[in-house]
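User: I am new to this structure and would be grateful for a close look at one helix, set within its surroundings. Please begin with the order of the elements along the chain.

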Amino acid sequence: SSGINAEYGKPIILDCSVYPEAKEKILEAVNKDTAFDAVVHGGDSIKLVSPKLTNDLRKKLVLQSKTQTNLALDSVRSIRNEAHNTALNARGYSKEVQKRAADNVHQMFIHHKAEIDKVFKAKEKSLQEEFNL
């Protein structure tokens with residue numbers, strides 16, 4: 001995330017006069033890694049123009065958000081599987097303790113999966129509200 005909050009379709013002017021040597025790197029990074037278009041504006045400034053809000057852009061943003069959600073879920077599943085197997089195969093503990101540990105791991109997975117889903121739903125709702133859908 002760029003940490004820049006902007007109203008769609010309205011330009012932002014970044015003053016690069018303090019670090020003029022960073023201007024080219026900023027231009028390259030913004031044009032490569034964000035949905036903004038960056039152009040030199042008045043010598044030491046960069047003008048960032050956010051994309052116009054369209055239904056197609058909303059769909060792309062929701063898809064991107066869903067992709068990131070799926071990556072997060074895959075990571076949580078991988079951690080859960082490793083922790084679950086570790087709990088079930090822990091030496092020196094009774095089967096009852098191993099099963100309880102595995103159940104606790106599963107409960108944590110369910111909690112974190114729900115949190116990830118909640119964040120995605122909130123983002124999807126936010127995108128719909130921004131686009132007045």
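Analyst: In this predicted model, the order of elements along the protein chain is β-α-β-β-α-α, made up of 3 helices and 3 strands.

The helix chosen for the close look is H2, which covers residues 55-88. Helix H2 contains 34 residues, and the distance from its first C-alpha to its last is 48 Å, close to the 50 Å expected at 1.5 Å a residue.

Several residues of H2 are buried. Towards the beginning of the list stand Leu57, Arg58, Leu61, Val62 and Ser65, and the list continues with Thr69, Leu73, Val76, Arg80 and Ala87. An α-helix has 3.6 residues a turn, so residues three or four places apart point the same way. Among the buried residues of H2 are both nonpolar ones, including Leu73 and Val76, and two arginines, Arg58 and Arg80.

Arg80 deserves a further word. Besides being one of the buried residues of H2, arginine 80 lies over the face of phenylalanine 109, with 4.2 Å to the ring centre. A second contact of this kind involves lysine 66, whose charged end sits over the ring of phenylalanine 120 at 4.9 Å from the centre. Pairs between aromatic rings, by contrast, number 0.

The nonpolar cores complete the setting. The largest has 6 residues, namely Ile12, Cys16, Leu27, Val30, Ile46 and Leu48. Helix H1 (23-33) and strand S3 (45-49) each supply at least two residues of that core. A second, separate core of 5 residues includes Leu61 and Val62, together with Phe120 and Leu127. Leu61 and Val62 are also among the buried residues of H2, and Phe120 is the residue whose ring lies under the charged end of lysine 66.

The end of H2 leads to another residue of interest, glutamine 98, which is found in helix H3 (residues 95-130). Glutamine 98 counts as buried because its relative accessibility is 7%, under the 20% cut-off. Leaving aside residues up to four places away in sequence, glutamine 98 touches Ala87, Leu88, Asn89, Ala90, Arg91 and Tyr93. Of these, Ala87 is itself one of the buried residues of H2.

Finally, some values describe the whole protein chain. Of its 133 residues, 22% count as buried. Its accessible surface comes to about 9,800 Å², and carbon and sulfur atoms hold 53% of this. Among contacts with a separation of 6 or more, 58% are between residues 24 or more positions apart.

Technical notes:
Residues are numbered from 1 along each chain as its sequence is written. This is a predicted model: local features need pLDDT of at least 70, side-chain atom pairs count only at pLDDT 80 or more; totals for chains, interfaces and linings use all residues. Side-chain values use heavy atoms; hydrogens and water are left out. Rings of Phe, Tyr and Trp (its six-membered ring) pair if their centres lie within 6.5 Å; planes under 30 degrees apart count as stacked, over 60 as edge-to-face and the rest as tilted. A charge sits over a ring if NZ of Lys or CZ of Arg is within 6 Å of the ring centre and within 35 degrees of the ring normal. Helices (H or I, at least four residues) and strands (E, at least two) are DSSP runs, numbered from the N terminus. Buried means under 20% relative accessible area, exposed over 50%, partly exposed in between (1.4 Å probe, protein chains only). Contact means heavy atoms within 4.5 Å. Accessible areas come from the Shrake-Rupley method with a 1.4 Å probe; for residues, only the protein chains shown count as cover. The expected span of a helix is 1.5 Å times one less than its number of residues. A nonpolar core is a set of buried Ala, Val, Leu, Ile, Met, Phe, Trp, Tyr and Cys residues joined through side-chain atoms within 4.5 Å.
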